[in-house]
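Work through the exercises below with the sequence and the coordinates open. Each task is followed by a solution in steps.

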Amino acid sequence: MAVDMATRLDRVLGARTARAMAESLDLHTVRDLLRHYPRRYAKRGEMTRLDDLQVGDRVTVLAQVRTVSTRKMRNRPGSLTEVTVGDGAGTMQLVFFNRRHKDLSAGAWGLFAGTVGEYRRSKQFAHPDFHLITGDDDTDWARALIPIYPATKEVSSWVVQRSVKLLLDAAGGFGFVEDPLPEPLRARHGLPGLAAALLDVHRPTSDHDVERAAHRLKWDEALTLQLTLAARRRAAALEPGVARPRRAGGLLAAVDAALPFALTDGQREVGEELAAELSREQPMHRLLQGEVGAGKTVVALRAMAQVVDAGGQAALLAPTEVLAAQHARSIGALLGPLGRAGELDGDPAGTRVVLLTGSQRAAVRREARAAVADGSAGIVVGTHALLQEGVDFADLGFVVVDEQHRFGVEQRDALRAKGDRPPHVLVMTATPIPRTVAMTVYGDLETSTLRQLPGGRGGVASSVVPVNDRPAWLDRAWERLREEVAAGRQAYVVCPRIGEDAGAEEEEPDGADGAPAEGGSDRRPPLAVLDVAEQLRAGPLAGLRLEVLHGRLTPEVKEATMRAFAAREVDVLVATTVVEVGVDVPNATVMVVMDADRFGVSQLHQLRGRVARGQHRGLCLLVSEASPSSATGQRLAAVAATSDGFELARLDLETRREGDVLGAAQSGRRSGIRMLSLLEDEELIAEARAEATALLATDRGLADLPGLAAEVAALATDERATYLEKA
C-alpha cells in the first residue's frame, strides 16, 4: 500500500490499535510512530537495575520466571499469586490478586510491564501486563536486541514493536521516508540517511546500529530546535524598538547613591552590558542567571531606572503575589521619596512604584491601572494581573520577568505586546542553567551570568538528617533551631504539602495478613504544613512564636505574615515552597526541610538560599527517611556537600527526566526532544546551533529545503512542542 509520513495509523494498523495509540500515546500518523523511539534495548543476561527504578515509573523488563506460588489470603476472600522473576542481574516480585496465569511457570521467558510500586521497602509490580516469549513467536524475539518502547497500560511495548513491523511489511520497507537534512550537511557530520537510521533504531542488529542511528536522530531534533530558535532571534532583531540611553543626574544616579552596599564586580559588569543594549534601538532579549543571593534584582532595578530616565516605563513580572509584594516593598524602600512622585513626601524628580496583583481590592487596582496608563507609574511590579486586558501602558520600554521558569514564552510575549514598540526584555532566574539547556530552551536569548555573591554574607552549612537511621538527629535539629532563636535569629520549616481538614486523609490500605495493598505502595503521604506546625507547637518548639504560610491563605494574611516575619515578630515560619524564591529576611539563619527527598535538587538549592542572607552563618537541615546508601540519600548528600548552584544544576539534570526540564511533564504533552540528551550532547547542540544560524543567514534560507522547512513549521505550530511554550 502507498504510505508516507503523513499517513494515518488507522490505514496501516486498523481502527482499534490506532485509536488506542492516539488516546494513550498521542500517536496519530506514521511519522508519530516512527519518531516514537525505543527507550532502551533488552538483552538476555541483562536486567533493568531495580535500584534505578523510581516508584511510580512504568517500565518493561525482560526476565525469566523463577518461582510461582499461590495462597489464600487469611483476612479477606480470594487468593494471592506471587511470582519471582530474574535474569542473572537481580530478581523482583510480581503480585496478582485473585488471578491465576497457567502460562506463568518456572523457566518461562517474557516481557513484564507495570508501574513500580513499593511494599515494605521493596519494589514490586502489582498486576503487571506480560508477554511470554514462546517458540511460536516470530524471529523478532530471537534478536540480540529487543526494543523496549515508552508504553502505557493500554498500549504495551510489544504492541508498539509489532506495529512498527506491520508498517514495515505494509510499506515494503522505509523507502517512502524522505530525508529533510541536506546532503552536504550530512556529509560534513558523517550522518546516515533518515530511512537507514529509522530502520536501525527500531530493528537493530547490534549496539553499533543503535549508536549510529541515535546520533543521526539527535541531529534531526537539535537542528529543528535550533532553526526554530534562530528564526525567533532573527525576527526579534528585525523589530525596531526604542533606544533608552543613560541620562546623567537622573533616577539611576539616585539609585546608585542610595544603595547601602557596594556593587560586586559581576553586578557592575552585567550592568554595563545591559546599559549598552538598552541604548540601542534593537530590543534587548537577554537571560540573566545567577546564584541564589547574587543580587540580580539590584541589577534589574538599575536597568529599570535607566529606562525611566529615558522617558519609558518598566514592568517587573513576578510569579507569586508574595514575591511581587516584596519586590514592590524593597524597590520602594530603596528609592524612598524618589519612588513616591506625586505624593506629599515624594520627590518630583522621581517616579511612582505601583503594585498590581489579581487579589487587590477593586479601588486599589483601578488606581494602579490609571497610574500605569497615564505614565505617572514609571516602575510597575505585578503578577499575571499585568497581562490582563485593561492594563495599558503609556510607554512600556522594558520588561523584566523574574523566575523565568515559572512563565512561558507566550506570557512573556503578551507583556511585550503592551508596548507600542517592542520593549527591551530581561528574563531572570536563580536556578543556574547548564549551557546545553540555555542553548536549547532559552536559545532565543543572549545569556549573562552572575556567580559572585555580595560580601558580608555568612554562608550556609547543610546537613542531611536521616531520621530512620539516626532518629536522635531530628531531636538535635530542633534543639539547634531553638538555639538560633534564643540568639535572636529566625527559622523556616518547609513541608511539601499544605494539609487537609481532619479526616480528609487516610493511610493507604494494607492487607492485615501481610499482603500488600492492591495499589502496590505503602509510602505515606508527604508531610503537611498544618500537621507539622501543630506538632511543633505542642512539642519541640513549644513556646516559640510560630506561624504558617502557604498558598491557600488569603493575600492579606500572606502579606501580614511575611511582614511580621520580616519585622522579627515571628520566630519560626512553617511554610510550603511559597518561600522558595525571592523572600529576603536577613535575620533568618535556619531552614529545616521536611521530606527533603520529595523536592528536586535545584528546588532544595533555591530553598536553602532563603537563609544566611545577612551577616550570620546559616544552617540548612535536609530531613529524610531515605537511607543514606540509597540513590535518594546520595542525591541529598550531594546537595549538602556543595553550594555551587551550577554544579547542582548539572546534578539536577542527571537525576530528573529531561522532558521535565523542557517543560513537557508540566503540560502533560510530548516534548520536542525524545533522543537528544542535554547532558551528553553539548557539542552536537552547539554544532546544530551553528548550522542553523548559517542556514538562515543565506539569501534563500530554507526555501530550497522543503523537507527541513516542513519539520520546522510542524514544530512551530505543534502545540505539543511545549519546550518553547512552558519551559
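## Exercise 1: a helix pair

H7 and H23 are oblique to each other. The model is a predicted one.

**Task.** Show why H7 and H23 are classed as oblique, and describe their contact.

**Solution.**

Step 1. Helix H7 covers residues 207–238 and helix H23 covers residues 682–697; they pack at an angle of about 50°, and their axes are 8 Å apart.

Step 2. Angles under 35 degrees count as roughly parallel, over 145 as roughly antiparallel, and 65 to 115 as roughly perpendicular; the rest are oblique. The pair H7 and H23 is therefore oblique.

Step 3. The crossing of these two helices, H7 and H23, is right-handed.

Step 4. On the H7 side the contact residues include His-215, Trp-219, Leu-223 and Arg-234, and on the H23 side they include Leu-684, Glu-687, Ala-692 and Leu-696. By class, the contact of H7 with H23 has 13 nonpolar, three polar and six charged residues.

## Exercise 2: the seven-stranded sheet

**Task.** Give the strand order of the open sheet of seven strands, and find its edges.

**Solution.**

Step 1. The order is S11-S12-S10-S13-S14-S9-S15, and the pairing is parallel.

Step 2. S11 (352–356) and S15 (446–450) each have a single partner strand, so they stand at the edges and one side of each lacks a neighbour in the sheet.

Step 3. On average, neighbouring strands of this sheet are turned by 20° against each other, direction ignored.

Step 4. Within the sheet, S13 (residues 396–401) and S14 (residues 424–429) run parallel and are joined by four bridges. Phe-398 has His-424 in S14 as its bridge partner.

Step 5. Helix H10 (residues 296–309) packs on the sheet and touches strands including S9, S10 and S12; its direction makes about 175° with that of S13.

## Exercise 3: strand S9

**Task.** Is S9 largely enclosed or left open by the rest of the structure, and which strands does it join?

**Solution.**

Step 1. Six of the six residues of S9 are buried, so the strand is largely enclosed by the rest of the structure.

Step 2. Taken face by face, His-285, Leu-287 and Gln-289 lie on one side of S9, with Arg-286, Leu-288 and Gly-290 on the other, and both faces are covered.

Step 3. S9 is joined to S14 by five bridges, and the two run parallel. Five bridges also join S9 to S15, again in parallel.

Step 4. Leu-288 has Met-428 as its bridge partner in S14, and Ser-448 as its bridge partner in S15.

## Exercise 4: the six-stranded sheet

**Task.** Which strands stand at the edges of the open sheet formed by six strands?

**Solution.**

Step 1. The order is S16-S21-S20-S17-S19-S18, with parallel pairing.

Step 2. S16 (460–466) and S18 (546–549) have a single partner strand each, so these two are the edges. From one strand to the next, the twist averages 20°.

Step 3. S17 (residues 490–494) is joined to S20 (residues 588–593) by five bridges. Tyr-492 stands opposite Met-591 in S20.

Step 4. Helix H16 (residues 529–538) packs on this sheet, touching S17, S18 and S19 (572–575), and its direction makes about 175° with that of S18.

## Exercise 5: a loop residue

**Task.** Is Thr-642 buried or exposed, and which residues is it in contact with?

**Solution.**

Step 1. Thr-642 lies in the loop between helix H19 (631–641) and helix H20 (645–655).

Step 2. The relative accessible area of Thr-642 is 13%. Buried means under 20%, so Thr-642 is buried.

Step 3. Leaving aside neighbours within four places in sequence, Thr-642 is in contact with Arg-608, Glu-647 and Leu-648.

Note on methods. Residues are numbered from 1 along each chain as its sequence is written. This is a predicted model: local features need pLDDT of at least 70, side-chain atom pairs count only at pLDDT 80 or more; totals for chains, interfaces and linings use all residues. Side-chain values use heavy atoms; hydrogens and water are left out. Axes are lines fitted to C-alpha atoms, for helices over the stretch in contact, and angles run from 0 to 180 degrees between N-to-C directions. A crossing is left-handed if the near helix is turned anticlockwise from the far one by less than a right angle, and right-handed if clockwise. Contact means heavy atoms within 4.5 Å. Ala, Val, Leu, Ile, Met, Phe, Trp, Tyr, Cys and Pro count as nonpolar, Asp, Glu, Lys and Arg as charged, and the others, Gly among them, as polar. Two strands pair if DSSP finds at least two bridges between them. Buried means under 20% relative accessible area, exposed over 50%, partly exposed in between (1.4 Å probe, protein chains only).
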